[in-house]
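User: I'm new to this structure and would like a close look at one part of it, the largest pocket. Could you walk me through that, and then show me how the rest of the chain fits around it?

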Amino acid sequence: MLKRTLLLCLFTVFAAGTAFSQSYDMPINTGARMNAMANSGSAIVDGGVAIAMNPAGLANTKKIQVEGTFNQIAILMGNPANGAYREKSVTAYSAIGLFGMGVRLNEVITVGFLLYAPSGGGVRNKNVTMGFPVVPKDFDGYLVFLEFGPAIALNLPGGFKIGFVYRINYAESWSSLYTYDPSGSFLGQNYMYNTNHLSGYGFTGYRIGIQWDPVDTFHMGVSYRSYVKIESDGTSDIQPYGYPFDVSVNIAQTLRYADGIQAGVSYEFIPDRLTVNADYILNFWSRYKNRTTEMMGIPNVTKLRNKNVHGARIGAEFAATDRLILRLGFSWSSGQANRRYQNLLSMGAPGTCQVYGGGVTYRLAENWDISFAANYMINQGHVSGFDYVKGGMVAVPGDYKNNGMFLSLGLRYNLM
């Protein structure tokens, strides 16, 4: 009986972890200049922001380059997890940022660092109705996810640049959920309020990249990011309905951030005036077959059926004047969610994701730029009919829709 209750409470931990994983790989998570082009431009990205895309671009730093960006994200999610005849959508907010720096030591070596929050780094799900036979608006979740990376890049003969960053990750989550056990196995109660807090580090990641300028107006770039495994642990408090006390137990969870590649080309149709980028991404989510969550030494292995993510990004920047630069971008990706395995905790829609964006940079002074970007995301998918499949997973029928608005404001100092 106790094991059944503990597994029900693990649901809350898994809910927070799912929000964490489904938030990955949004193309709007770096600097405002690159966000305006939907993060295309792995062949020309420079400075500290390059550490998040292609660390070879760090070598493009002239002397000193410092950049900071604040990103505000609001995503309106509507999916069957909210339950029939109940609240149909919920807005998840994320306030995330980036701070990067590059310093050229000599003609060959440039060093730098980056501190930023990947896509879901500040996601907040509040008052979500999960659709269980308990009170509406029964789930809250909040995630902090940070990545720090010291980096080095080299300028090599023949227009080649290479870069490397070692990625240090930290994750912390808080979540709460009303759970329902019809057997009343825990102190004779059907209803319980479950709160969780986990935190952990991952030290296994790196990103490596190459940029090549075969001619002055044509640029090529490719980068690879390794996977990151984060082992987190914490506590779960279980409070039976109507009781003035709670029971605290230890919990642990293993999460993985998929490895992937990004490759692109950029061409200056009008040198130093008009540049167009085209990038391809491939992230290997299908390699991770399960997620393990443990409470009081009792493991619970949840099978995953993610798909690899394929994507295309295009963008352009046009220098209208010496002080004003205009940018546009579009991103398409296939999405990692699998239609046959959509379940109550699938925050992402099992369909393609499109992001439309644009922005502007204005040169405040000789070494100072301010940039603004706005992007709109459309992520939709449909699951028709229940589909019971191997491993206990079940496809929940319905329309999954996520619409998001991304606003970015950045400031850059560039000492030439």
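Analyst: Let's go straight in: the largest pocket has a volume of about 1,100 Å³. Keep in mind that this is a predicted model, so everything here is computed from it.

Who lines the pocket? There are 39 lining residues, and the ones nearest the centre are Ile-44, Asp-46, Asp-272, Glu-317 and Arg-412. Sorted by character, the lining has 16 charged residues, twelve polar ones and eleven nonpolar ones. Quite a few elements chip in. At least two lining residues come from each of α2 (32-35), β7 (191-215), β12 (274-283), β15 (309-319), β16 (324-333), β17 (353-363) and β21 (398-415). The top contributor is β15, which gives three residues.

Now step back to the whole chain. It has 416 residues, and 53% of them are buried. You'll find three helices and 21 strands. Look at contacts between residues 6 or more positions apart: 68% of them join residues that are 24 or more positions apart. On the outside, the chain exposes about 17,500 Å², with 62% of that supplied by carbon and sulfur atoms.

Follow α2 out of the pocket lining and you come to the loop between α2 and α3 (50-53), where Ala-38 sits. Its neighbour in this part of the tour, Asn-39, is in that loop too. Their backbones are worth a glance. Most residues other than glycine have a negative phi. Ala-38, though, has a positive phi, near 55 degrees, and Asn-39 has a positive one near 60 degrees. Ala-38 counts as buried because its relative accessibility is 0%, under the 20% cut-off. Asn-39 is buried as well, since its relative accessibility is 1%.

Another element from the lining, β17, leads us to the largest nonpolar core. That core has 22 residues, and Phe-145 and Met-377 have the most contacts inside it. Besides β17, the elements supplying at least two residues each are β1 (64-78), β2 (90-104), β5 (139-156) and β9 (228-240). The largest share is from β1, with three residues. If you click on Met-377, look for the residues it touches beyond four places away in sequence: Ile-75, Cys-353, Gln-354, Val-355, Asn-402, Asn-403, Gly-404 and Phe-406. Apart from the largest core there is another one, with 16 residues, including Val-49, Met-53, Leu-98 and Val-165.

Strand β9, one of the core's suppliers, also holds Asp-233. Leaving out residues up to four places away in sequence, Asp-233 touches His-197, Leu-198, Ser-199, Ile-251 and Ala-252. Asp-233 and Met-295 are 62 residues apart along the chain, yet their C-alpha atoms are separated by 9.7 Å.

One last stop takes us back to β12, which was on the list of lining elements. The loop between β12 and β13 (290-295) is where you'll find Arg-287. Is Arg-287 buried, exposed or partly exposed? It counts as partly exposed, because its relative accessibility is 49%, which falls between the 20% and 50% cut-offs. Arg-287 and Leu-304 are 17 residues apart in sequence, and 9.6 Å apart in space, C-alpha to C-alpha.

How values were computed: Residues are numbered from 1 along each chain as its sequence is written. This is a predicted model: local features need pLDDT of at least 70, side-chain atom pairs count only at pLDDT 80 or more; totals for chains, interfaces and linings use all residues. Side-chain values use heavy atoms; hydrogens and water are left out. Helices (H or I, at least four residues) and strands (E, at least two) are DSSP runs, numbered from the N terminus. Buried means under 20% relative accessible area, exposed over 50%, partly exposed in between (1.4 Å probe, protein chains only). Contact means heavy atoms within 4.5 Å. Accessible areas come from the Shrake-Rupley method with a 1.4 Å probe; for residues, only the protein chains shown count as cover. On a 1 Å grid over the protein atoms alone, a cavity is a set of points where a 1.4 Å probe fits but cannot get out, and a pocket is an open set with protein on both sides within 12 Å along at least five of seven lines; lining residues have an atom within 4 Å of a point. Grid points are joined across faces, edges and corners, and a volume is the space filled by probe spheres set on the points. Ala, Val, Leu, Ile, Met, Phe, Trp, Tyr, Cys and Pro count as nonpolar, Asp, Glu, Lys and Arg as charged, and the others, Gly among them, as polar. A nonpolar core is a set of buried Ala, Val, Leu, Ile, Met, Phe, Trp, Tyr and Cys residues joined through side-chain atoms within 4.5 Å.
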